[in-house]
Structures are given as structure tokens and as C-alpha cells.
Amino acid sequence: MRALVVVNPAATTTSAKMRDVLVGALASELKLEVAETGHRGHARELGARAAADGVDVVVSVGGDGTVNEVVNGLLSDGPRPGLPALAVVPGGSTNVFSRALGRSRDPVEATAEIIASLRAGRTRPVSLGTITATGTSTAAVTGVAPGAAEAVAEADADRHDGGWTTPRWFVFAAGFGFDAEVIARVEARRAQGRRSTGALYVREATNAFLFGRERRRPAMTLQVPGEPAVPDLFLCLVSNVSPWTYLGARPVNPTPQASFDTGLDVFALGRTSTSRMLRALRQTLSPEPDLRGKGLHRWHDLPSLSLTATRPQGWQVDGEHLGTATGVRIQDVPDALRVVA
């Protein structure tokens with residue numbers, strides 16, 4: 001089998017020596033080309049090239065950001081027969097997509113699992129999501145980690161359909177509002193040299209909640225097809241898998257029914273107090289989440305949804321902040337991509 005291995009040399013949890021071991025193991029089974037990413041968007045370029053060249057499988061070695069870029073490259077012309085299958089070796093700090101596929105958290109063990117699956121021919125289709133935005137701005141990403149402003153500039157430059165950005169694929173989650181603001185804060189700290197850790201996310205989320213204005217003056221309205229609009233929201237999470245993310249080894253699960261085999265799941269919050277927010281957080285961290293409460297909204301297996309805002313809100317895909325927008329449209333795409341299972 002012909003394979004392209006896309007390696008992010010800046011991946012958080014894999015050293016250069018370990019990456020050499022992983023590539024050597026894959027080379028024992030595959031006819032390999034190895035490409036290291038050198039700039040923002042490079043993994044997307046490599047994914048698009050792999051789709052055009054007709055390789056059999058693309059192996060992403062890196063975190064969720066690398067996976068997202070590879071997928072956006074593979075699907076740059078949309079889902080179609082004959083696209084390469086995707087395999088993922090976890091190399092980031094969270095690796096939500098890899099863990100959702102059932103891969104080991106250890107990169108060496110995950111590589112062995114991928115080799116075994118390739119030998120057995122085990123692949124499966126997965127659903128993914130797309131998001132497009134309007135009223136986008138780079139203003140909110142000033143000082144954020146290198147590359148964030150460029151991402152928004154790319155979206156601004158590539159518009160269609162009356163000011164809406166070209167759809168961006170996401171593999172496990174998208175968000176509008178509070179969660180994107182937290183990601184922006186974390187990226188700003190990373191640009192100052194801080195490591196991305198669960199504790200950093202918790203600290204920035206706490207500061208954004210206590211001192212931010214969004215929960216006191218919710219700006220967002222959610223529209224689900226066939227249902228009345230839901231106004232006065234400050235947070236909206238859209239999930240393609242469960243759990244939504246992790247704090248270290250602990251799952252954060254606001255959408256416990258989300259699955260690659262169904263449509264999109266949504267968790268949204270309206271104006272809320274500190275005590276209610278803490279109760280909701282405890283529920284999402286429970287081994288068996290039972291999410292309910294005033295101002296809390298959930299949907300399962302949605303084909304699409306849209307959000308509008310009376311003032312610009314942050315938006316994010318797969319944990320990457322993309323600036324601000326005044327509206328987003330989100331769609332489920334069943335069987336969008338074949339993955340090594």
C-alpha cells in the first residue's frame with residue numbers, strides 16, 4: 001500500500017527519536033513517503049496532494065490540529081470514492097479524535113494497532129461536520145498563538161454565498177461563544193510561552209466566566225430546523241463524538257450520546273449563575289452524565305443548525321480559535337471519510 005505520513009515536528013508528546021521509531025514501524029508494512037509540516041496549513045496542502053495522487057492511506061502523526069488540517073486537505077473537493085483512508089497516531093496533548101477511534105494514548109502502541117488494522121483491512125466510514133461563518137473578524141485574535149490571525153485572514157479572503165466563509169471541516173467539535181473565548185485565552189498564554197495543560201484551560205475558563213460579560217448579556221440565538229429559536233445563549237458546543245474533550249485522562253462529556261454513526265449533538269447554556277455553572281460542570285465530568293437544569297439545552301442527532309449573535313462571538317473548530325463572527329451554519333455530513341479502524 002502507498003502511504004503518506006504527515007508528521008508535525010512540533011507535536012507535544014512525541015520526540016524526534018520516537019517519531020523515527022514510528023515511521024520505521026510503518027515502513028515495514030507500507031510504501032512510505034514522509035513529509036514534515038513546516039508552516040500553518042502545510043498539513044492541509046499535503047492532504048490535498050495525497051487525495052490528488054491517489055495514495056491508499058494518509059497517516060497523521062500529531063495532535064488534533066494536524067488531523068483537522070489533513071482532513072480539510074483530503075476533503076478539499078468534498079467526499080468522493082477513492083479518497084485515501086486516514087490513520088491517526090496521537091502526538092498532541094489531548095488527541096480527542098484518535099481516542100474516539102479507540103486508539104491507544106501511547107503513540108507506539110497506536111502505531112502497532114494501525115499496522116494490525118491495515119493488515120486485516122479494517123476501515124470504517126465516519127460522519128464529520130462542516131462550519132461556515134459570516135461577519136468574521138481577526139480583531140479577537142490579536143496576540144494569540146502564531147497562525148491564528150492567519151487562519152481568519154484565509155477565511156476572510158475565501159468568501160462565497162453573500163459573505164459566508166468557505167465551509168471548514170471539523171472532526172470532533174465546533175463551538176460558538178464562551179468555549180471559543182476560552183480557547184483564545186489559552187492560545188494567548190501559549191504565545192507567551194505557557195504549556196497547554198488542563199489546569200491552564202480551567203484557569204482561563206474560570207476567569208472568562210467570572211469576569212467576562214457574555215453570561216450576563218447572552219448574545220446568541222440558536223435555530224434548529226423545525227423548532228422555535230432559542231435566544232439568550234452564551235455557550236454552544238457542537239459535538240461529533242463523545243466525550244467532547246478531556247482534562248488529562250478525565251473525559252468532559254456534555255454530549256454523551258454523540259457518535260460518528262449519528263448526526264451532530266448540541267449542548268448550550270443561557271444566562272446562568274455560578275452555582276448552576278458549577279453544577280453543569282460536575283455533571284459533564286460524571287462517569288454517567290445526567291445533564292439537566294435551568295438554562296441548559298441539549299439536542300441529539302441533528303442534521304444541521306445555525307447560530308446568530310447580536311455582537312461578534314468567538315468561533316472554533318477542533319480546539320482552534322478562528323476569530324469572531326456574527327453567525328455560523330453547521331452541518332452534519334454522514335460517511336464523509338474512511339478511517340483505519
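Helices here are DSSP runs of H or I with at least four residues, strands are DSSP runs of E with at least two, and both are numbered from the N terminus. With that in hand, start at threonine 111, which sits in helix H5 (residues 107-120). What you are looking at is a predicted model, in which local features need pLDDT of at least 70 and side-chain atom pairs count only at pLDDT 80 or more, while totals for chains, interfaces and linings use all residues. Residues are numbered from 1 along each chain as its sequence is written, and side-chain values use heavy atoms, with hydrogens and water left out.

Is threonine 111 buried or exposed? Its relative accessibility is 1%, so threonine 111 counts as buried (buried means under 20% relative accessible area, exposed over 50%, and partly exposed in between, with a 1.4 Å probe and protein chains only). Setting aside neighbours within four places in sequence, threonine 111 is in contact with Leu22, Ala25, Leu26 and Val89, where contact means heavy atoms within 4.5 Å.

Now for the cores. In soluble globular proteins, nonpolar side chains tend to be buried together. A nonpolar core is a set of buried Ala, Val, Leu, Ile, Met, Phe, Trp, Tyr and Cys residues joined through side-chain atoms within 4.5 Å. The largest one in this model has 51 residues, and Val71, Leu86, Phe97 and Leu128 have the most contacts inside it. Another core, of 26 residues, lies apart from that one; among its members are Ile131, Phe170, Cys236 and Val238. Take a look at phenylalanine 97: not counting residues up to four places away in sequence, it touches Asp64, Val67, Leu86, Val88, Val171, Phe172, Phe260 and Val339.

Next, some helix pairs. Two packed helices are described by the angle between their axes and the distance between the axes. The axes are lines fitted to C-alpha atoms, for helices over the stretch in contact, and angles run from 0 to 180 degrees between N-to-C directions. Helix H2 (residues 42-53) and helix H3 (residues 64-74) pack with their axes 6 Å apart, at an angle of about 40°. Their crossing is right-handed (the near helix is turned clockwise from the far one by less than a right angle; anticlockwise would be left-handed). On the H2 side, the contact is made by His42, Ala43, Arg44, Gly47, Ala48, Ala50 and Ala51, and H3 brings Thr66, Glu69, Val70, Asn72, Gly73 and Leu74. Sorted by class, that contact has six nonpolar, five polar and two charged residues. For these classes, Ala, Val, Leu, Ile, Met, Phe, Trp, Tyr, Cys and Pro count as nonpolar, Asp, Glu, Lys and Arg as charged, and the others, Gly among them, as polar.

Threonine 37 is a good stop here, in the loop between strand E2 (31-36) and H2. Threonine 37 counts as buried because its relative accessibility is 15%. Not counting residues up to four places away in sequence, threonine 37 touches Val6, Val7, Asn8, Pro9, His42, Ala43 and Leu46.

Then there are helix H7 (residues 178-191) and helix H8 (residues 198-211), whose axes come within 9 Å and cross at roughly 125°. H7 and H8 are therefore oblique to each other (angles under 35 degrees count as roughly parallel, over 145 as roughly antiparallel, 65 to 115 as roughly perpendicular, and the rest as oblique). The crossing of H7 and H8 is right-handed. Residues making the contact include Phe178, Val182 and Val186 of H7, along with Leu200, Tyr201 and Phe209 of H8. By class, the H7 and H8 contact has nine nonpolar, one polar and four charged residues.

Finally, a few backbone oddities. Most residues other than glycine have a negative phi, and most peptide bonds are trans. Serine 242 and proline 243, however, are joined by a cis peptide bond, with omega about 0°. Proline 243 is in the loop between strand E11 (230-239) and strand E12 (245-247). Aspartate 318 has a positive phi of about 50°, and this residue is placed in the loop between strand E16 (304-317) and E17. Aspartate 335 also has a positive phi of about 50°, but lies in strand E17. Which of the two words, buried or exposed, fits aspartate 318? Aspartate 318 is buried, at 5% relative accessible area, whereas aspartate 335 is exposed, at 55%.
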